[in-house]
Amino acid sequence: MSDDLWTEVDHYIEGLLLGDDEALEAARRSSAEAGLPAIAVSPPQGKMLELLARVRGAHTILELGTLGGYSTIWMARALPADGRLVTLELDPDYAEVARANIARAGLGHLVEQRIGPAIETLPELVAEGAGPFDLIFLDADKASYPDYLPWTLELSAPGTLIVADNLVRDGRVIDRANDEPSIVGRRRFTELLGAEPRVSATLIQTVGSKGYDGFALGLVER
């Protein structure tokens with residue numbers, strides 16, 4: 001099986017289950033035109049995030065890694081009129097692209113952007129009493145995932161759903177000889193998640209237009 005086939009199947013899924021969506025397509029176009037890396041979630045993955053937020057009945061969502069706001073739009077659509085999504089982005093240029101995309105989608109009133117290193121912004125959110133969040137989506141610097149986890153838990157409560165993307169990376173995560181910081185970060189995060197007594201979690205392998213990867217899904221139980 002090949003990446004081309006996985007991409008074709010993703011298109012098949014999009015055509016049957018997702019349909020056309022001008023706001024999301026515009027977000028992808030403007031992100032590409034602005035030179036943002038093509039690392040946003042795929043449309044089926046974005047829909048999965050929306051459905052998870054709806055199943056959870058989320059009123060509050062925290063996202064680490066805004067990029068162009070593509071996943072932000074998907075999740076914000078699941079919120080009620082009085083909901084709130086806080087999204088963290090390191091790069092101010094990316095954040096500006098995301099701001100326009102989110103506004104174009106009619107969701108600016110639900111989304112609060114924070115710009116700066118997440119490892120600095122997360123403690124600020126804790127100090128402000130911004131949590132707990134119903135859903136937390138990690139899709140930022142993979143080398144720092146282990147550092148983000150304690151703060152993620154500080155901003156959680158029983159019932160919080162934690163989704164962490166890109167944890168398999170073509171299977172390289174199980175290669176103990178691979179000492180790339182991003183791979184080590186993925187591996188360490190998964191180890192910490194597995195050892196965390198407050199969280200029940202699994203890791204699902206995925207294939208699609210984004211290649212071979214996987215995401216962790218964790219439920220905070222206490």
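**Exercise 1. Classify aspartate 21 and find its partner.**
Task: Is aspartate 21 buried, partly exposed or exposed, and with which residue does aspartate 21 form a salt bridge?

Solution.
- Step 1. The model is predicted. Aspartate 21 has a relative accessibility of 22%.
- Step 2. Buried means under 20% and exposed means over 50%. Aspartate 21 therefore counts as partly exposed.
- Step 3. The salt-bridge partner is arginine 77, with the closest N and O atoms 2.5 Å apart.
- Step 4. Aspartate 21 sits in the loop between helix 1 and helix 2 (22-33), and arginine 77 in the loop between helix 4 (70-76) and strand 2 (84-89), so the pair ties together parts 56 residues apart in sequence.
- Step 5. Arginine 77 is partly exposed too, at 31%.

**Exercise 2. Analyse a salt bridge within a helix.**
Task: Where do glutamate 50 and lysine 47 lie, and is glutamate 50 buried or exposed?

Solution.
- Step 1. Both residues belong to helix 3, three residues apart, which is about one turn of the helix.
- Step 2. Their side chains form a salt bridge, 3.3 Å from N to O.
- Step 3. Glutamate 50 is at 9% relative accessibility, so this residue counts as buried. Lysine 47, at 22%, counts as partly exposed.

**Exercise 3. Extend a pair to a network.**
Task: Which residues join arginine 114 in one network of salt bridges?

Solution.
- Step 1. Start with the bridge from arginine 114 to glutamate 128, where the closest N and O atoms are 2.8 Å apart.
- Step 2. Arginine 114 is in strand 3 (residues 111-115) and glutamate 128 in helix 6 (residues 118-128), so this pair links parts 14 residues apart in sequence.
- Step 3. Arginine 114 is buried at 17%. Glutamate 128 is partly exposed at 49%.
- Step 4. Shared partners join Arg84, Glu112, Arg114 and Glu128 into one network.

**Exercise 4. Sort the two sides of helix 1.**
Task: Which residues of helix 1 are buried, and what covers them?

Solution.
- Step 1. Trp6, Asp10 and Glu14 are buried in helix 1. They span an arc of only 85° around the axis, which puts them on the same side of the helix.
- Step 2. On the other side, Asp4, Glu8, Tyr12, Gly15 and Leu16 are exposed.
- Step 3. The cover over the buried residues includes helix 3 (43-56), strand 6 and strand 7.

**Exercise 5. Place strand 7.**
Task: How many bridges join strand 6 to strand 7, and why is strand 7 largely enclosed?

Solution.
- Step 1. Strand 6 (residues 199-208) runs antiparallel to strand 7, joined by 10 bridges. A hairpin connects the two through two residues.
- Step 2. Strand 5 (residues 161-164) is also antiparallel to strand 7, with four bridges.
- Step 3. Seven of the 10 residues of strand 7 (residues 211-220) are buried, so the rest of the structure largely encloses this strand.

Methods
Residues are numbered from 1 along each chain as its sequence is written. This is a predicted model: local features need pLDDT of at least 70, side-chain atom pairs count only at pLDDT 80 or more; totals for chains, interfaces and linings use all residues. Side-chain values use heavy atoms; hydrogens and water are left out. Buried means under 20% relative accessible area, exposed over 50%, partly exposed in between (1.4 Å probe, protein chains only). Two strands pair if DSSP finds at least two bridges between them. The arc is that of the directions from the helix axis to the C-beta atoms. Contact means heavy atoms within 4.5 Å. A salt bridge is a side-chain nitrogen of Lys or Arg within 4 Å of a carboxyl oxygen of Asp or Glu.
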